[in-house]
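User: I am new to reading protein structures. Please take a close look at one part of this one, the places where side chains are joined to each other, and then set that part in its surroundings.

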Amino acid sequence: MDIDERWTAFGGVRADALRLSIQSFANTGANAGSRTGDYGYNDTLINGHLGLSYKITPQGMVYASYATSQDVNGGEPDAGTNAGYGGIVLVNGAYVDSKPERSRNFELGTKWNLLDDKLLFTAAAFQTTKSGVMEALSTEEYATEGSTNTGRNRVRGVEFGLVGNVTRQLTVQAGVAFMRSKVLQSVTPGNVGLPLANFANTSYSLQGRYAFTPGFYLGATVRHDSGRCGGQPDTGAVYTNGQCGQPVPGFTVFDLFGGYRFNKHASLRVNLLNAGHKDYYTSVYRGGFFLYKGDARALRVTLDIEL
């Protein structure tokens with residue numbers, strides 16, 4: 001809604017209704033295979049966003065916004081035995097109600113059109129707080145007592161973006177983010193104050209695309225994530241004596257791409273991902289027994305035909 005020539009308000013509301021059905025069956029005896037109970041539940045999650053923007057000049061504006069979101073508890077339900085990794089909790093054959101995980105996001109930002117509206121520059125400062133984070137009551141994730149909504153995390157950061165045409169032939173898209181994470185509350189006191197596990201404080205990407213002719217272009221992309229400290233997802237990283245116990249090195253990956261349009265009905269795209277065949281990892285699990293490896297070099301060729 002435009003309040004006047006400079007002020008604009010925006011907002012929205014979203015409601016998600018859900019029904020989860022968990023049925024338990026007898027495993028042994030004369031009643032094997034028969035249903036012994038339905039532990040399903042219903043819920044309605046209501047979220048929204050609200051913001052205000054102010055036009056400084058025809059080329060620039062500032063804005064502020066607030067938004068909420070909720071996640072349905074799921075994980076790995078195993079009715080009757082355990083509730084690993086945030087799974088549905090059953091105690092003595094009954095469903096134990098738990099709250100959804102809730103996130104709140106505050107953002108202050110600005111947007112500016114440059115080079116006669118050919119290039120858009122953006123900058124924003126933000127804070128995201130997640131409460132009701134599911135945590136295991138013990139160090140054993142597959143425990144019969146399951147998980148509870150005891151965690152609270154926060155991420156603060158700033159990000160900058162640039163997208164558009166530097167010249168008629170050269171298009172760029174760039175972004176960089178500097179962030180800090182922190183565990184504010186946890187069922188495990190030692191996690192409080194630690195950064196989140198597998199969280200990169202700095203990341204950036206830069207893509208350039210040059211059109212040699214109206215139908216032929218080549219381009220390249222560079223992506224970088226800083227190092228991080230591993231551990232259990234959504235909680236504190238593994239630290240020992242103030243030092244990261246499971247370090248994951250930072251990485252930089254290069255991609256190449258190109259395309260050619262034969263006519264208005266057919267075009268060809270070629271993507272070479274991780275062109276340098278960089279061997280890198282994106283995270284490490286809390287026990288340190290395995291890591292998540294990044295994608296290796298891959299070539300993809302796509303032919304589009306429009307009839």
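Analyst: Cys229 has a relative accessible area of 7%, so Cys229 counts as buried. The model is a predicted one, and every value below is computed from it. The partner of Cys229 is Cys244, and the two form a disulfide with their sulfur atoms 2.1 Å apart. A disulfide is a covalent bond between the sulfur atoms of two cysteines. Cys244 has a relative accessible area of 26%, which means that Cys244 is partly exposed. The link therefore has one buried end, Cys229, and one partly exposed end, Cys244. About the S-S bond the angle is 105°, and the link of Cys229 and Cys244 is right-handed. Cys229 belongs to strand β16 and Cys244 to strand β18 (residues 243–244), and 15 residues separate the two along the chain. The count for the structure is one disulfide.

The other joins to look at are salt bridges. Side chains of opposite charge can pair when their charged atoms come close. The whole structure holds eight salt bridges, and three of them are described here, beginning with two that share Lys130.

Lys130 and Glu101 meet through their side chains in a salt bridge, at 3.4 Å from N to O. Lys130 sits in strand β11 (residues 119–136) and Glu101 in strand β10 (residues 101–114), with their positions 29 residues apart, and the pair links distant parts of the chain. Both members of this pair, Lys130 and Glu101, are buried.

Lys130 also forms a salt bridge with Asp234, where the closest N and O atoms are 3.0 Å apart. Asp234 lies in the loop between β16 (228–229) and β17 (239–240), while Lys130 lies in β11, so this salt bridge ties together parts that are 104 residues apart in sequence. How buried or exposed are the two ends of this second pair? Lys130 has 17% relative accessibility, and because the cut-off for buried is under 20%, Lys130 counts as buried. Asp234 has 30% relative accessibility and so counts as partly exposed. The two salt bridges of Lys130 are part of a network of salt bridges that links Asp71, Glu101, Lys130 and Asp234.

The next salt bridge joins the side chains of Asp255 and Arg223, at 3.2 Å from N to O. Asp255 is in strand β20 (residues 251–263) and Arg223 is in strand β15 (residues 216–225); these are distant parts of the chain, 32 residues apart. With 10% relative accessibility, Asp255 counts as buried. Arg223 has a relative accessible area of 30%, which means that Arg223 is partly exposed.

The strands behind this pair also meet through bridges of another kind, those between paired strands. Strands β15 and β20 run antiparallel and are joined by ten bridges. One residue of the salt bridge appears again here: Asp255 in β20 is the bridge partner of Thr221. Strand β20 has a second antiparallel neighbour, strand β21 (residues 266–273), and seven bridges join these two. Gly258 has Val270 in β21 as its bridge partner. A hairpin of two residues joins β20 to β21.

Strands β15 and β20 also contribute to the surface. Tyr210, Phe212, Phe216, Leu218, Tyr260, Phe262, Leu303, Ile305 and Leu307 form a nonpolar patch there, with about 1000 Å² of accessible area together. Two or more residues of the patch come from each of β14 (202–213), β15, β20 and β24 (298–305). One member, Leu218, is placed in strand β15. Leu218 has a relative accessible area of 41% and is therefore partly exposed.

Last, the setting of these parts. The secondary structure of the protein consists of 24 strands and zero helices. Of its 307 residues, 32% count as buried, and Cys229, Lys130 and Asp255 are among them. Counting contacts with a separation of 6 or more, 58% are between residues 24 or more positions apart. The protein exposes about 18400 Å², and carbon and sulfur atoms supply 56% of that area.

Methods: Residues are numbered from 1 along each chain as its sequence is written. This is a predicted model: local features need pLDDT of at least 70, side-chain atom pairs count only at pLDDT 80 or more; totals for chains, interfaces and linings use all residues. Side-chain values use heavy atoms; hydrogens and water are left out. A salt bridge is a side-chain nitrogen of Lys or Arg within 4 Å of a carboxyl oxygen of Asp or Glu. Helices (H or I, at least four residues) and strands (E, at least two) are DSSP runs, numbered from the N terminus. Buried means under 20% relative accessible area, exposed over 50%, partly exposed in between (1.4 Å probe, protein chains only). A disulfide is a pair of cysteine sulfur atoms within 2.5 Å. Patches are made of residues with over 30% relative accessible area and no salt bridge: like charges are joined within 9 Å, nonpolar side chains (Val, Leu, Ile, Met, Phe, Trp, Tyr) within 5 Å. Accessible areas come from the Shrake-Rupley method with a 1.4 Å probe; for residues, only the protein chains shown count as cover. Two strands pair if DSSP finds at least two bridges between them. Contact means heavy atoms within 4.5 Å.
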